[in-house]
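Me: I'd like to learn how to read the features of a structure like this one. Could you walk me through it?

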Amino acid sequence: MSSNLSQSEKSRKEKSAFMEIERISVDPHRWEPSSRFLLHPLQYEKLNPVQSAFFDYYGREANVIVEASTSAGKTVIAEMAVAHALAQGGKAVYLCPAKDLARQQIGEWTGSRHPFSVRKVVIATGDVTQEMGKQTLVKELLASDIAIMTNELFDSLFRRSGSEELAAWKGALHTIVIDEFHYLDEAGRGSALECALIRTVETNRTLRYVGLSATMGNAEEVARWLRSLTGRETVLISSSWRPSVLNLSLVPYKAKGARDKQVEFLALIKYLLDQFPDDKFLIFVHTKGALAKTILSGLKAMGYEIKFHNADKTMDMRNLIVESFKKREGGLQYLLATSTVAVGMNLPARRVIVVDVYRGRERVDVKQLNQMVGRAGRTGIDPEGDAYIIVPQEEFTYWASALSSPSPVLSQLRNPKELMFHLINDINNSIDTVERMEGWFMKTLACFQASDTARDAVRDALDRLAKCGAVEQEDGVYAATGIGKMAAWYYYSPEMVSFVVRGLSAYSGKSDVVLSWILGRAYLFNKGGNLYHTSVDFTRYVDELKIKTSGNERLLRMSPPAFNNAVYAYGFYLWLNELFESAGTEMTAVIREILQDVQRLAQLLDTVADFYGKTLGGPRIKKLAYRLRYGIRSELYELCQLKGIGAKRARLLYNSGFKTVEDIKRDITKASNIARVSLQGLVANG
């Protein structure tokens with residue numbers, strides 16, 4: 001029979017056998033003494049059943065995926081994998097999907113009592129990189145034993161070859177620990193992780209991967225993909241065991257309108273809090289807008305001491321709130337939070353309430369809901385944890401079914417926009433024919449899950465790249481244009497870079513309103529078109545901006561004044577016009593949000609000036625980039641070019657009548673007294 005098999009059938013059978021994985025059952029009665037782990041002392045005397053199962057494989061040079069509940073102690077598994085890498089003389093990377101989680105992890109691993117505190121541990125996130133610069137970051141990585149970083153930053157490091165130091169660091173890596181591995185299917189972050197893994201395999205064939213995940217509906221498929229990608233034996237440890245029993249209840253609500261919902265939600269929350277007056281409650285909301293504010297103020301008015309943990313608070317304040325809530329006795333009893341504490345963070349509670357299953361008009365992903373309810377039950381304190389999800393009455397049956405079975409992890413590279421974002425980088429790195437691009441795509445989870453789509457997916461992405469001017473083609477060979485190169489270098493969408501270049505051609509250099517529209521729309525491109533502050537009323541700001549935009553019809557045709565565009569555009573307008581401190585509370589939050597990316601955006605403008613300076617006016621765009629970095633009006637630009645003169649000193653000089661360098665030359669002594677710095681040598685020869 002086998003002799004009659006076609007060559008393709010034989011190939012499929014061989015491939016299937018090659019991708020076989022070892023699936024490990026977890027013995028719920030096995031509690032391995034932690035003293036048997038000899039590489040460093042662990043926090044607990046015994047390893048729990050999931051950790052005990054990993055104990056058999058920590059020293060085996062195989063990939064391991066651990067699929068277990070949110071409270072199954074996966075951080076200890078990460079420590080064991082990292083400790084093994086260090087014992088082998090290699091370096092380790094711990095990947096996580098969020099900056100808050102990265103900060104929490106480095107805080108734990110650099111604490112004086114932790115065994116890793118004697119090692120060089122560094123953190124690498126987008127904001128950290130902007131502060132220290134990429135060259136300094138690479139030096140830090142090369143000197144480190146352990147690097148903790150976000151998926152996006154990790155992907156960006158592997159998008160091009162870089163320096164000899166970066167190459168040396170990549171070659172010294174032994175183990176990659178991927179926390180929250182199921183985030184492979186989250187928009188934006190998932191494709192970054194997927195492409196990063198492909199690039200690491202191409203760079204260092206000896207790497208070992210340890211993936212940590214909550215429940216996935218297709219964990220074995222993901223494990224087989226990792227086996228296929230790396231060519232390394234892959235083990236799946238899958239278990240529903242958790243240290244405390246989780247009781248999940250769905251609580252139906254009837255209200256329809258926003259205000260009626262707020263009233264009913266507050267009543268339901270109060271009812272649950274009153275039923276269990278001695279328990280710690282973690283209450284999740286999906287935005288930090290009107291609903292959250294109503295719950296917070298309403299519970300405070302009823303006498304509950306409650307704090308609100310969200311991204312608008314400083315890191316120090318968030319840490320204080322978390323530490324107070326984590327206290328076993330005393331401390332904060334009630335905590336309201338957005339998803340900032342839902343992923344990875346060690347913040348359990350006796351009871352968890354999830355308020356609604358909608359974020360605006362969109363359903364919240366089931367995986368995120370499971371992350372939230374997984375916080376119920378404190379290890380070593382509570383034999384069980386209780387979670388309550390408030391759902392629409394008419395959708396009760398749907399949510400009962402959806403939450404009872406885990407959803408599969410699906411590759412985000414099936415989305416043409418995400419594929420083109422990553423494909424342009426590889427085109428820029430000499431994957432320059434359709435055949436080579438298809439070969440790259442064949443390595444993806446997207447192709448693994450639907451292999452017959454490879455050719456169509458690549459050609460669709462190429463068409464989109466050509467349409468936005470990011471690639472050009474001659475005799476079947478593709479090359480990145482200036483737009484494509486900048487997208488690859490700065491980790492931006494090619495469509496976004498194309499819009500910036502086109503937008504700057506409409507910018508006369510006189511109107512900050514036009515510039516603000518361009519920047520607002522560009523920022524929105526990069527974050528997927530979503531406005532985080534969905535529950536805030538920005539109407540008056542939007543109306544003000546539309547009035548200021550009157551007469552700029554060309555701009556409005558290119559970037560229609562949609563509500564989200566206008567909100568971010570007005571944020572940039574306030575920043576560029578030194579109105580940050582006088583902005584309302586709502587807009588201050590928006591400005592803080594856009595400032596997280598302002599340095600990278602300024603770098604992009606500088607490079608646009610280098611590429612298109614002759615046609616768009618290089619000096620004019622360089623000036624824009626400078627103003628964007630420092631948040632200054634156009635009038636201060638000349639003064640700020642003097643060494644030692646920043647925005648504040650320039651404003652003092654300008655308001656005192658010293659508006660140009662020539663003005664300063666006429667009375668250097670007085671100008672120096674105003675600026676509180678000697679200007680003699682700076683302008684004497686200027």
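Me: Let's start with Glu186: is this residue buried, partly exposed or exposed?

Reply: Glu186 counts as partly exposed, at 27% relative accessibility. Keep in mind that this is a predicted model. The label follows from the cut-offs: buried means under 20%, exposed over 50%, and partly exposed lies in between.

Me: Which side chain does Glu186 meet in a salt bridge?

Reply: Here is the general idea. Side chains of opposite charge can pair when their charged atoms come close. In this structure, Glu186 meets the side chain of Arg189, at 3.3 Å from N to O. Arg189 is partly exposed as well, with 28% relative accessibility.

Me: How many salt bridges does the structure hold?

Reply: There are 35 salt bridges in the structure. One of them brings together the side chains of Glu220 and Arg23, 2.9 Å apart from N to O. Glu220 belongs to helix 10 and Arg23 to strand 1, so this pair ties together parts that are 197 residues apart in sequence. As for exposure, Glu220 is partly exposed at 34% relative accessible area, and Arg23 is partly exposed at 46%.

Me: Which residue forms a salt bridge with Glu635, and how far apart are the closest N and O atoms?

Reply: The partner is Arg651, and the closest N and O atoms are 2.9 Å apart. This pair also links distant parts of the chain: Glu635 sits in the loop between helix 28 (618–630) and helix 29, while Arg651 sits in helix 30, 16 residues apart. Glu635 is partly exposed, at 27% relative accessibility. Arg651 counts as buried because its value is 17%, and buried means under 20%.

Me: Which residues are linked in a network of salt bridges?

Reply: Look for Arg30, Glu32, Arg36 and Asp56, which salt bridges link in a network.

Me: Now the sheet. What is the order of the strands in the open sheet of 8 strands?

Reply: The general idea first. Strands of a sheet pair through backbone hydrogen bonds, either parallel or antiparallel. Here the order is 1-8-2-7-6-3-5-4, and the pairing is parallel. At the edges are strand 1 (22–24) and strand 4 (121–124), each pairing on one side only. From one strand to the next, the twist averages 15°.

Me: How many bridges join strand 4 to strand 5?

Reply: Strand 4 and strand 5 (residues 146–150) run parallel and are joined by 4 bridges. To find your place there, look at Val121, which stands opposite Ile146 in strand 5.

Me: Which strands does helix 10 lie across?

Reply: Helix 10 (residues 219–230) lies across strand 1, strand 2 (63–67), strand 7 (208–213) and strand 8 (234–238). Relative to strand 2, helix 10 runs at about 165°. Glu220, which you met earlier, lies in this helix.

Me: And where is Gly644 found?

Reply: Gly644 is in the loop between helix 29 (637–640) and helix 30 (647–655). Its relative accessible area is 43%, so Gly644 is partly exposed. Try comparing sequence with space here: Gly644 and Val677 are 33 residues apart in sequence, yet 7.7 Å apart from C-alpha to C-alpha.

Me: To finish, how many helices and strands does the protein chain have?

Reply: The protein chain has 33 helices and 18 strands. Of its 686 residues, 55% count as buried. The accessible surface of the chain is about 30,300 Å², with 49% belonging to carbon and sulfur atoms.

Conventions: Residues numbered from 1 in each chain as written. Predicted model: local features only at pLDDT ≥ 70, side-chain atom pairs only at ≥ 80, totals over all residues. Heavy atoms only, no water. Helix = DSSP H or I, 4+ residues; strand = E, 2+ residues; numbered from the N terminus. Buried < 20%, exposed > 50% of the residue type's maximum accessible area, 1.4 Å probe, protein only. Pairing = 2+ DSSP bridges. Axes fitted to C-alpha atoms, helices over the stretch in contact; angles between N-to-C directions. Contact = heavy atoms within 4.5 Å. Areas by Shrake-Rupley, 256 points an atom, 1.4 Å probe, with all protein chains shown as cover. Salt bridge = Lys/Arg side-chain N within 4 Å of Asp/Glu carboxyl O.
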